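Here is a friendly walk through one protein model, written to be read with the structure open beside you. We begin with the whole chain and then move to its helices, its ligand and a few individual residues.

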Amino acid sequence: MVNSTSSTHSKPWYSYSLGVLGAFLVILSAAPALGQQTSGATLTFADHVAPIIYDKCVECHRPDSIAPMSLIDYATVRAWAPIIKDRVANRKMPPYFIDKTVGVQGFEDDRSLTDAEIATIVSWVDTGAAQGSMVNLPSVPFFEDNVAWTLEDEMGRPPDLIIPIPDPFNVPAGGPNWWMTFYSDTGLTEDRWIKAFETKPSADGFPVVHHAVTSMEFPEGGGGFLSEYALGKTADINPPGTGQLIKAGTRLNWNIHYASSPDGLDHTDRTRLGLWFLPIDEEPENILVRSHMADNEDLDLPGGEETIRTDGYEFMTRNIRITTFQPHLHNLGTRQCLEVIYQDNRRQTLSCADWDFGWHIAYNYVEEVQPLIPKGSMLHVTSWYNNSNSNPWAGDSRNWVGFGQRSTDDMSFSWISWYELSDEEYTAAVEERRARSIAGSD
Ligand code: HEC
């Protein structure tokens, strides 16, 4: 069972899956490795747990990364074992909070644990967290340092253009929050299509940058939203066949939220945006747009209330294909769901995800399941909040909270990435899905 420290946020389905399914899965995952004779099948760090942790945790839990402790060596993992059990059993770690029991399934870069992996870790902790034979330990994966561009390998080169904020910004210890606006010239002399982008605080700035949004200002007016970075968010590659236009002479507008570091030290940041372009003679088939959807700015979150729901709506004036869902709430948010209401009133849940203000995660649908939304329908975003003492992020829970820019105010909308489909493209995409689902069901 999930242990008794589970908070009120823990989802009941989960207790079932660990209680009922869990026992079954543990037996499976504890099955001896090929050719190995094990009677009683003791789970060990070297054989069963390290492979999971090296695969799903140490990207962040290693020296000089963003997490509070390294989980590479057995002694540390063992010392943290009860807390690790709690975080993985409640799906708080790794940070990837999409609800697997409802809506569309199938995401790129899904770093969550499988039910079997969770059962293995929980059972290993419960049975004494044995070390096992260290000769069986997998090798520790290799990582670039924090300031390295994580997309460099995948894109095969460093960014084509790197745009820093104009000057270093100092964030003194123990100060308030800052919401800074900066402008940087891109220096671009020709129009380009953006394939991928990544925002990186500088090494010293890493612990103080909570949020960095960029938008483009074209020289002749217009422009638009470009990228959003927040703690835990790394990089985005636009889906195949899509691109975002950036024009010659574009000025970049930065909106950065700085907060003092919990380590009690001053930090100086120089955040940079790295852009990778499509080849100069290549035009994308579709123009990708990232936008707020279904904003609700009329929030009413009374003090002391544990479960408050709000709703926002967005009418679709064209057919769209959704590539990414990213909830956006502030401190009090606990969960968000996205659904579509069709013109004939049928409703379909697309995705639900739990929310933790420390993590802003983009859930990128794999191509085969990207939601196809016909014009005339309505996107409906439902958000839940907890403004009571049971929410560790809540300030003074006697206070009413409404909409606003500070993280102590709240918000409700989804960042949605999408591109438009003509009526013919829409019909063809739906037909293709239908054909595939028929082929898949026999
Ligand atoms: C994307 C980066 C990332 C990944 C992947 C990740 N963690 Fe974390 N982890 C963090 C950060 C940052 C914190 C501290 C802030 C927080 O709790 O959100 C943390 C906190 C924790 C804590 C609580 C520490 C405390 O002081 O209470 C535990 C336990 C933990 N992680 C275990 C794991 C395990 C086990 C995995 C893999 C199954 C994992 N994490 C994967 C970044 C990560």
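The protein chain folds into seven helices and 21 strands. Please keep in mind that this is a predicted model. Of its 442 residues, 34% count as buried. If you look at contacts with a separation of 6 or more, 81% of them join residues that are 24 or more positions apart.

**Around the ligand**

What surrounds the ligand? The shell has 21 residues, and the closest are Cys57, Cys60, Ala67, Met93 and Pro94. Helix H2 (45-56) and helix H4 (81-89) are the elements that give two or more residues to this shell. The largest share, four residues, comes from H4. By class, the shell around the ligand holds 14 nonpolar, three polar and four charged residues.

**Two helix pairs**

Both H4 and H2 also pack against helix H5, and the table puts the two pairs side by side.

| Helix pair | Axis separation | Crossing angle |
|---|---|---|
| H4 and H5 (residues 115-126) | within 9 Å | roughly 150 degrees |
| H2 and H5 | 10 Å | about 125 degrees |

Let us take H4 and H5 to begin with. An angle over 145 degrees counts as roughly antiparallel, and the axes of H4 and H5 cross at roughly 150 degrees. H4 and H5 are therefore roughly antiparallel to each other. H4 passes H5 in a left-handed crossing. On the H4 side, the contact is made by Ala81, Pro82, Ile84, Lys85, Val88 and Ala89, and on the H5 side by Ile118, Ile121, Val122 and Val125. Sorted by class, the contact of H4 with H5 has nine nonpolar residues, one charged residue and no polar ones.

Now turn to H2 and H5, whose axes are 10 Å apart at an angle of about 125 degrees. That angle makes H2 oblique to H5. The crossing of H2 past H5 is left-handed. Here His48, Val49 and Ile52 of H2 meet Glu117, Thr120, Ile121 and Trp124 of H5. The residues in this contact divide into four nonpolar, two polar and one charged. You may spot Ile121 in both lists: this H5 residue takes part in the contact with H4 and in the contact with H2.

**Ala46 and its distant partners**

Staying with helix H2, have a look at Ala46, which is found in that helix. Is Ala46 buried or exposed? Ala46 counts as partly exposed, because it has 17 C-beta neighbours inside 10 Å. Which residues does Ala46 touch, apart from its neighbours within four places in sequence? Its contacts are Gln131, Gly132, Ser133, Met134, Asn136 and Leu137. For Leu137, 91 residues apart from Ala46 along the chain, the C-alpha atoms of the two are separated by 4.5 Å.

**Backbone features worth a look**

Most residues other than glycine have a negative phi, and most peptide bonds are trans. Here are some exceptions to find on your screen.

The peptide bond from Met93 to Pro94 is cis, with omega near -10 degrees. Pro94 lies in the loop between H4 and H5, and both Met93 and Pro94 are among the residues closest to the ligand.

Arg91 also has its place in the loop between H4 and H5. Although Arg91 is not a glycine, its phi is positive, at about 55 degrees. Arg91 is buried, because 21 other C-beta atoms lie within 10 Å.

Asn345 is another non-glycine residue with a positive phi, near 75 degrees. You will find Asn345 in the loop between strand E16 (333-341) and strand E17 (347-354). Whereas Arg91 is buried, Asn345 counts as exposed, with 6 C-beta neighbours inside 10 Å.

**A stop near the end of the chain**

Last on the tour is Ser422, in the loop between strand E21 (413-421) and helix H7 (423-440). Ser422 is exposed, since 10 other C-beta atoms lie within 10 Å. How far is Ser422 from Asn319 in sequence, and how far in space? The two are 103 residues apart in sequence, while their C-alpha atoms are 6.7 Å apart.

Note on methods:
Residues are numbered from 1 along each chain as its sequence is written. This is a predicted model: local features need pLDDT of at least 70, side-chain atom pairs count only at pLDDT 80 or more; totals for chains, interfaces and linings use all residues. A residue is near a molecule or strand if its C-beta atom, placed from the backbone, lies within 6 Å of it. Ala, Val, Leu, Ile, Met, Phe, Trp, Tyr, Cys and Pro count as nonpolar, Asp, Glu, Lys and Arg as charged, and the others, Gly among them, as polar. Axes are lines fitted to C-alpha atoms, for helices over the stretch in contact, and angles run from 0 to 180 degrees between N-to-C directions. Angles under 35 degrees count as roughly parallel, over 145 as roughly antiparallel, 65 to 115 as roughly perpendicular and the rest as oblique. A crossing is left-handed if the near helix is turned anticlockwise from the far one by less than a right angle, and right-handed if clockwise. Two residues are in contact if their C-beta atoms, placed from the backbone, lie within 7 Å. A residue is buried if 20 or more other C-beta atoms lie within 10 Å of its own, exposed if 12 or fewer, and partly exposed in between; C-beta atoms are placed from the backbone.
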